[in-house]
Amino acid sequence: MRIEHITTLDEPALADYARLTDVALRVATEPQGGLYIAESITVIGRALRAGHEPRSVLTSERWLPDLEALLGDRDVTVHVGEAGVLEALTGFHLHRGALASMHRPALPTVTEVLRDARRVVIVEDVVDHTNVGAIFRSVAGLGADAVLITPRCADPLYRRSVRVSMGTVLQVPWTRLPEWSEAVPQLHAAGFTIAALALADDAVGLRDFAASAPERVAIVVGTEGDGLSRAALDAADVVVTIPMAHGVDSLNVAAASAVALYALQA
């Protein structure tokens, strides 16, 4: 690795790290620029093990030995600066060791993601990056196989999503679905039963559904505010509900996905 000490924040090579706290800017520019940001030594390590390649790394002097062990003989520039300089560049205090600007991998096709899967989660239009990251962590921890996200869902590779997921978004297979009219035939062709988590008069309780669950199930979860769209409910083969108590009608979307996945474990 090549070490370059930061002398000015105007260096073009530092542009990947500028204004990381500006969410609107980052979610618009990062995918177009073909990059995502991996935050912390742990997450960078997971990204490397997943086969992702770094464009560059940003860190302070104390973390160089750890990075050298991670990066090995990769030809990558490591930008080194004092804490105040790094905070002025990124917009926050860099206390997790390092940031890496990573090349964004090409997404697989829906068919590729579904080929060997038995349990998947479809995330419809969830725009909160924390929830997206938490869903990925549940998928990884509870043994599901993949995540599919709708066209308007938040980017799983946004820094906050990656961090909350503990880097599991770099391990769990995922891709974006087309609109429901195209997605449903693809899911059915792969043998999946589409199970929407929602409140409905004809909904099946989660325990009953899990007791005789189909071999392949795609669990669909939606936003907290509006829940699943009409199109998602129309696309579902079955509506499933989690029984609740004390007048509470639903759980946070990340919690609901975890409960459903746990119930559907073999």
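**Exercise 1. The two sides of a helix**

Which residues of helix α3 (residues 64–71) are buried? Work this out on the predicted model shown above, and then describe the other face of the helix and what follows it.

Solution. Begin with the cut-off, since a residue counts as buried when its relative accessible area is under 20% and as exposed when that area is over 50%. In helix α3, the buried residues include Leu 64, Leu 67 and Leu 71. These leucines cover an arc of only 60° around the axis, which puts them on the same side of α3.

Next, turn to the opposite face: the exposed residues Pro 65 and Ala 69 are carried on the face of α3 that is turned away from its buried side.

Then ask what lies over the buried residues of α3, where the cover includes β1 (2–5), α2 (41–49), β3, β4 (77–80) and β5. Finally, follow the chain past the helix, where α3 is succeeded by Gly 72, a residue with a positive phi, near 60°.

**Exercise 2. The pairing of a covered strand**

Determine how strand β5 (residues 98–103) pairs with β2 and with β3, and state how many of its residues are buried.

Solution. Start with the cover: five of the six residues of β5 are buried, and the strand is therefore described as mostly covered.

Take strand β2 (residues 35–39) next, which pairs with β5 in the antiparallel sense over five bridges. Within this pairing, Ala 38 has Ala 100 of β5 as its bridge partner.

Then take strand β3 (residues 54–59), which also runs antiparallel to β5 and is joined to β5 by five bridges. Here the bridge partner of Leu 58 is Leu 99 in β5.

**Exercise 3. Salt bridges along the chain**

Find out how many salt bridges the model holds, and examine the pairs formed by Asp 75, by Asp 22 and by Arg 163.

Solution. As background, side chains of opposite charge can pair when their charged atoms come close. With a limit of 4 Å between a side-chain nitrogen of Lys or Arg and a carboxyl oxygen of Asp or Glu, the count comes to 13 salt bridges.

In the pair of Asp 75 and Arg 2, the closest N and O atoms are 2.0 Å apart. Asp 75 lies in the loop between α3 and β4, whereas Arg 2 belongs to strand β1, so the pair ties together parts that are 73 residues apart in sequence. Asp 75 is exposed, with a relative accessible area of 67%, while Arg 2, at 39% relative accessibility, counts as partly exposed.

The side chains of Asp 22 and Arg 19 also meet in a salt bridge, at 2.5 Å from N to O, and Asp 22 is partly exposed, with a relative accessible area of 24%.

For Arg 163, the salt bridge is with Glu 39, and the closest N and O atoms are 3.1 Å apart. This pair links distant parts of the chain, with Arg 163 in helix α7 (residues 159–164) and Glu 39 in strand β2, 124 residues apart. Arg 163 is partly exposed, with a relative accessible area of 24%, but Glu 39 counts as buried, at 3% relative accessibility. As a last step, place the pair in its setting: Glu 39, Arg 96, Arg 159 and Arg 163 are linked in a network of salt bridges.

**Exercise 4. The surroundings of one alanine**

Is Ala 254 buried or exposed, and which residues does Ala 254 touch?

Solution. First locate Ala 254, which lies in helix α11 (residues 253–263). Its relative accessibility is 9%, so Ala 254 counts as buried. When residues up to four places away in sequence are not counted, Ala 254 touches Asn 131, Ala 134, Ile 135 and Ser 138. As for Ile 194, this residue and Ala 254 are 60 residues apart in sequence and 18 Å apart in space, C-alpha to C-alpha.

**Exercise 5. The protein as a whole**

Describe the overall dimensions, the contacts and the surface of the protein.

Solution. Count the elements first: the protein has 11 helices and 12 strands. Its radius of gyration is 20 Å, close to the 18 Å that the globule rule gives for 266 residues, so the protein is as compact as a globular protein of that length. Taken along the principal axes, the C-alpha atoms fill a box of roughly 65 × 40 × 30 Å.

Turning to burial, 49% of the 266 residues count as buried. Among contacts with a separation of 6 or more, 78% involve residues 24 or more positions apart. The accessible surface comes to about 12400 Å², and 51% of this surface belongs to carbon and sulfur atoms.

Notes:
Residues numbered from 1 in each chain as written. Predicted model: local features only at pLDDT ≥ 70, side-chain atom pairs only at ≥ 80, totals over all residues. Heavy atoms only, no water. Buried < 20%, exposed > 50% of the residue type's maximum accessible area, 1.4 Å probe, protein only. Helix = DSSP H or I, 4+ residues; strand = E, 2+ residues; numbered from the N terminus. Pairing = 2+ DSSP bridges. Arc of directions from axis to C-beta. Contact = heavy atoms within 4.5 Å. Rg over C-alpha atoms; globule rule 2.2 N^0.38 Å. Areas by Shrake-Rupley, 256 points an atom, 1.4 Å probe, with all protein chains shown as cover.
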